[in-house]
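Visitor: I would like to know how the labels on this model are earned. Please take me through them one by one.

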Amino acid sequence: MSDSSRTDASPTPPAAPTPRKPDPPPGDPSNPAPSDPGSGAPAPRTRFRAGLRIGAGFGAASFLLALSFGAVTQAQGWGVVVPIVCSAVVFSGSAQFALVATLSTGGLGSAVAAAAMINSRFLPMGVAVAGDLRGGRLRRAFEGQAVVDASWAAAHLGGGRFDRSLLFGATLAQWPPWVAGTALGVVLAPDAGLQHTLGLDVLTPALFAALLLDELRKDRANRLPALAGALLAAVLIAFLPTGLALIGSGLAALTGLWRRKGARA
C-alpha cells in the first residue's frame with residue numbers, strides 16, 4: 001500500500017492560545033466601573049464617589065458664601081454659636097440670607113416666615129425623590145435630608161428617577177464646607193460687605209442658573225415649564241414680594257404634569 005492511499009489518523013494539533021490583553025488602567029474609558037449584580041449600572045459605591053467629586057466643586061463655592069454669611073451675622077450681633085448651629089441645621093444659603101435680611105428690618109416671626117417660604121421649594125423636590133429612597137418612614141425622612149439644590153439636580157437621571165447614592169455623596173461633600181465657612185466667618189468677622197466686594201452675591205443665582213440649564217439639557221420636556229415659570233415670576237414680582245412671586249412661579253411645574261398625563265392618555 002502506497003503512502004498516498006493511507007489515511008492520516010494523527011490528531012490535529014491544538015490552536016495556539018490567544019494571548020490575554022492586559023487590563024486597562026483604572027479610570028480608562030474602556031474599563032467600565034463595577035456594576036450591581038444583574039444590571040449594567042455602576043455600583044452604589046462608585047456612584048457615591050462620583051457624587052463626592054461633583055459635590056466638591058459646589059462645596060468650594062458654598063465655603064466662600066458661608067464665610068460671607070458668618071461675617072454678616074457678626075455685624076448684626078448674632079454671637080458665635082447661633083450662626084454655626086443655623087448653618088449646621090438649616091443648611092440653605094438662600095433661606096439663611098433671607099433670615100438675616102429680614103431680621104435686620106423686621107421681627108423674628110417675619111424672618112422665620114421668609115426663610116420657610118424660600119425653603120418650601122424642598123417640598124416638591126422631596127416628593128419627586130421619595131420613590132428612590134429606601135426603608136420605612138423614619139429612614140426615608142432621614143435620607144430626605146440629603147435633598148439640597150445642587151445634589152438634587154445632579155442626581156436627576158431624567159424621567160422622574162434619581163440616583164440615590166450620588167445624591168448622598170454630593171450632599172456629604174457640601175455640608176462640611178458650609179459649616180466650616182460659617183465658623184471661619186464668625187471667627188475672622190471680615191467686612192460684612194465681603195460678598196459684594198468679591199461678587200459672592202452672584203453665586204447663588206449663578207448656581208440656580210447652572211442647575212436650570214443642566215435640566216434643560218437633559219430633557220427637552222422641561223423647557224416649557226421653565227419658560228412658563230420665568231414668565232410667571234416676571235409678572236408676579238411686579239405685584240408680590242420676591243418670596244411669594246417665586247413660590248407662585250412654581251405653579252408652572254403643573255404644565256409638566258399636564259403634558260405627562262396627556263402623553264399617557
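Guide: Start with the rings: F69, W78, F97 and W178 are linked into a cluster by ring pairs. Rings of Phe, Tyr and Trp (its six-membered ring) pair if their centres lie within 6.5 Å; planes under 30 degrees apart count as stacked, over 60 as edge-to-face and the rest as tilted. The model is predicted, so local features need pLDDT of at least 70 and side-chain atom pairs 80 or more, while totals for chains, interfaces and linings use all residues. Residues are numbered from 1 along each chain as its sequence is written, and side-chain values use heavy atoms, without hydrogens and water.

Visitor: How many aromatic pairs does a search of the whole structure find?

Guide: The search finds four. One of them is F69 with F97, at 5.7 Å centre to centre and 75° between the planes.

Visitor: Why is the pair of F69 and F97 called edge-to-face?

Guide: Its angle of 75° is set against the cut-off of over 60, so the pair is edge-to-face. F69 lies in helix 1 and F97 in helix 3 (residues 93–103), so the pair ties together parts 28 residues apart in sequence. Helices (H or I, at least four residues) and strands (E, at least two) are DSSP runs, numbered from the N terminus.

Visitor: What makes the pair of W152 and F162 tilted?

Guide: The planes are 40° apart and the centres 5.2 Å apart; 40° is neither under 30 nor over 60, so the pair is tilted. W152 belongs to helix 7 (residues 149–155) and F162 to strand 2 (residues 161–162), so this pair joins parts 10 residues apart in sequence.

Visitor: Why is W152 called buried?

Guide: Buried means under 20% relative accessible area, exposed over 50%, and partly exposed in between (1.4 Å probe, protein chains only). W152 has 18%, so it is buried. F162 has 6%, so F162 is buried as well.

Visitor: What makes F58 partly exposed?

Guide: Its relative accessible area is 25%, which lies between 20% and 50%, so F58 is partly exposed. F58 is in helix 1, and its C-alpha is 7.3 Å from that of A150, although the two are 92 residues apart in sequence.

Visitor: How do you know that the length of helix 1 agrees with its residue count?

Guide: The expected span is 1.5 Å times one less than the number of residues. For the 32 residues of helix 1 (residues 44–75) that gives 46 Å, and the end C-alpha atoms are 44 Å apart, which agrees.

Visitor: Where does helix 1 bend?

Guide: Helix 1 bends by about 30° at A56; the bend is the angle between axes fitted to the seven residues ending there and the seven starting there.

Visitor: What is said of the phi of F91?

Guide: Phi of F91 is near 50°, a positive value in a residue other than glycine. F91 is in the loop between helix 2 and helix 3, and its 16% relative accessibility is under 20%, so F91 counts as buried.

Visitor: By class, what does the lining of the second largest pocket have?

Guide: The lining has 15 nonpolar, six polar and three charged residues. Ala, Val, Leu, Ile, Met, Phe, Trp, Tyr, Cys and Pro count as nonpolar, Asp, Glu, Lys and Arg as charged, and the others, Gly among them, as polar.
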